[in-house]
Amino acid sequence: MIKVALDAMGGDNSPQEIVKGAVEALSKSAELSVILTGPKERIENELKQYTFDKSRLRIEDAPEVITLDESPVAAIQKKKDSSIVRGLMLLKTGEADAFLSAGSSGAVLAGGQLKIGRIKGVDRTPLATLIPTETTPSLLLDCGANVDAKPQWLLQFARMGQIYMSEVCGISNPSVKLVNIGLEEEKGNNLIKETKPLIEALPELNYQGYIESREIPHHGADVVVADAFTGNVILKLYEGVGSTLISAVRKGLMTDLRTKIGALLIKPALKKTLRRFGTEDNGGAPLLGLKGLVMKCHGNATHVEISNALLQCESFVKLGINDKISEALLKDKKIFEVNEN
């Protein structure tokens with residue numbers, strides 16, 4: 001049984017969508033167990049409307065909530081009875097195999113570093129998310145954890161991303177590209193120019209050069225590497241354009257009788273296509289390189305995304321991704337040396 005601690009108070013739609021997502025995930029997997037962290041009475045009230053296996057769901061009472069306007073580090077240190085800290089501690093003590101939250105990104109990231117800790121040799125832990133493309137999803141990292149980065153960190157991100165895509169998504173020898181403003185050798189800032197020779201020198205990486213952001217939706221690479229500032233801008237623009245286009249297509253098909261008839265004819269194919277460019281099916285974004293699995297969902301996550309993320313946590317733990325990353329780090333000692341600076 002895989003046990004996942006789930007922050008019931010994280011996100012814009014908590015606790016309603018979080019609780020609903022937990023119940024849905026339990027119905028889809030008989031090997032999953034969920035520990036909801038948050039105010040016990042409030043969670044119990046939400047659960048009253050559902051039928052579920054009570055032996056696989058319990059509540060860890062956590063009366064405090066970390067809000068978005070709080071300092072992440074200060075909140076983690078002071079609010080020990082918050083839903084985020086309680087969830088992280090369940091992971092740390094081994095009572096849970098993973099922790100999932102749609103709450104404050106800063107608090108989840110800071111808590112992962114402070115409470116769980118990094119695998120030895122990992123300088124920084126990137127937030128990695130699967131993004132839809134016209135074929136199969138690509139992995140974008142870092143998309144939110146390290147706004148200021150160093151070449152060595154990007155090198156480590158590339159290696160961890162490659163392991164993730166190989167082991168979790170089953171892609172043989174996944175391609176890796178570095179985000180840049182052009183494909184020419186002279187293009188890019190100092191970070192990109194200093195990172196390129198480091199990545200090229202690692203034989204384990206299937207590095208295929210630079211990638212411009214416009215090629216990402218066309219699946220220009222399996223693993224797309226960037227600092228968190230660049231990665232987060234790409235991710236947010238990606239999501240914004242995607243939702244705008246989906247909305248525009250739907251509105252356009254409802255303008256008059258002719259388009260409505262056409263919409264009925266193409267509805268099955270259109271629904272399947274539009275769904276592929278949504279974010280719900282891709283689940284959460286793991287914080288790679290920690291000693292335990294910490295996963296972050298979008299702040300506006302619905303029950304669908306929460307359910308998929310819980311199943312993703314189950315798969316991640318079963319596959320032993322953290323162990324495989326640790327093994328790779330031992331083999332790549334030259335790039336995974338502890339950086340005291």
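In this predicted model, five strands make up an open sheet with the order β5-β6-β9-β7-β8 and mixed pairing. At its edges sit β5 (129-131) and β8 (206-211), each of which pairs on one side only. Going from one strand to the next, the twist averages 30°. Helix α6 (residues 151-167) packs on this sheet and touches β5, β6 (138-141), β7, β8 and β9 (223-225). The direction of α6 makes about 165° with that of β9. Within the sheet, strand β7 (residues 175-179) runs parallel to β8, and four bridges join the two. One spot to look at is Val176, which stands opposite Tyr207 in β8.

Helix α6 also turns up in the aromatic contacts. Searching the whole structure gives one aromatic pair. The partners are Tyr164 and Phe316, with 5.9 Å centre to centre and 45° between the planes, so the pair counts as tilted, the class between under 30 degrees (stacked) and over 60 (edge-to-face). Tyr164 belongs to helix α6 and Phe316 to helix α10 (residues 303-319), so the pair ties together parts that lie 152 residues apart in sequence. Neither ring is left out in the open: Tyr164 is buried at 1% relative accessibility, and Phe316 is buried too, with a relative accessible area of 4%. A ring of another sort of interest is Phe52, since Lys54 lies over its face, at 5.0 Å from the ring centre.

Next comes strand β4 (residues 98-101), which is covered on both faces. On one side Ala98 and Leu100 are buried, and on the other Phe99 and Ser101 are buried as well. This layout fits a general habit of strands: in a regular strand, side chains alternate between the two faces of the sheet. As for neighbours, β4 pairs with strand β1 (residues 2-7) in the parallel sense over three bridges. It also runs parallel to strand β11 (residues 293-296), and four bridges join these two. Phe99 takes part in both pairings: Phe99 is the bridge partner of Ala5, and Val294 in β11 is the bridge partner of Phe99.

Just ahead of β11 there is a glycine worth a look. Gly289 lies in the loop between β10 (285-286) and β11. With 0% relative accessibility, Gly289 counts as buried. Leaving aside residues up to four places away in sequence, Gly289 touches Arg118, Ile119, Val122, Thr125 and Met160. Of these contacts, the one with Ile119 can be given a distance: the C-alpha atoms of Gly289 and Ile119 are separated by 5.6 Å, although the two residues are 170 apart along the chain. Met160, another residue that Gly289 touches, falls within the span of helix α6 (residues 151-167).

Stepping back to the whole protein, there are eleven helices and eleven strands. Of its 341 residues, 51% count as buried. Among contacts between residues at least 6 apart in sequence, 72% join residues at least 24 apart. The Tyr164 and Phe316 pair, tying together parts 152 residues apart, is one example of a link over such a separation. On the outside, the protein exposes about 16100 Å², and carbon and sulfur atoms supply 53% of that area.

Definitions and conventions
Residues are numbered from 1 along each chain as its sequence is written. This is a predicted model: local features need pLDDT of at least 70, side-chain atom pairs count only at pLDDT 80 or more; totals for chains, interfaces and linings use all residues. Side-chain values use heavy atoms; hydrogens and water are left out. Buried means under 20% relative accessible area, exposed over 50%, partly exposed in between (1.4 Å probe, protein chains only). Two strands pair if DSSP finds at least two bridges between them. Axes are lines fitted to C-alpha atoms, for helices over the stretch in contact, and angles run from 0 to 180 degrees between N-to-C directions. Contact means heavy atoms within 4.5 Å. Rings of Phe, Tyr and Trp (its six-membered ring) pair if their centres lie within 6.5 Å; planes under 30 degrees apart count as stacked, over 60 as edge-to-face and the rest as tilted. A charge sits over a ring if NZ of Lys or CZ of Arg is within 6 Å of the ring centre and within 35 degrees of the ring normal. Accessible areas come from the Shrake-Rupley method with a 1.4 Å probe; for residues, only the protein chains shown count as cover.
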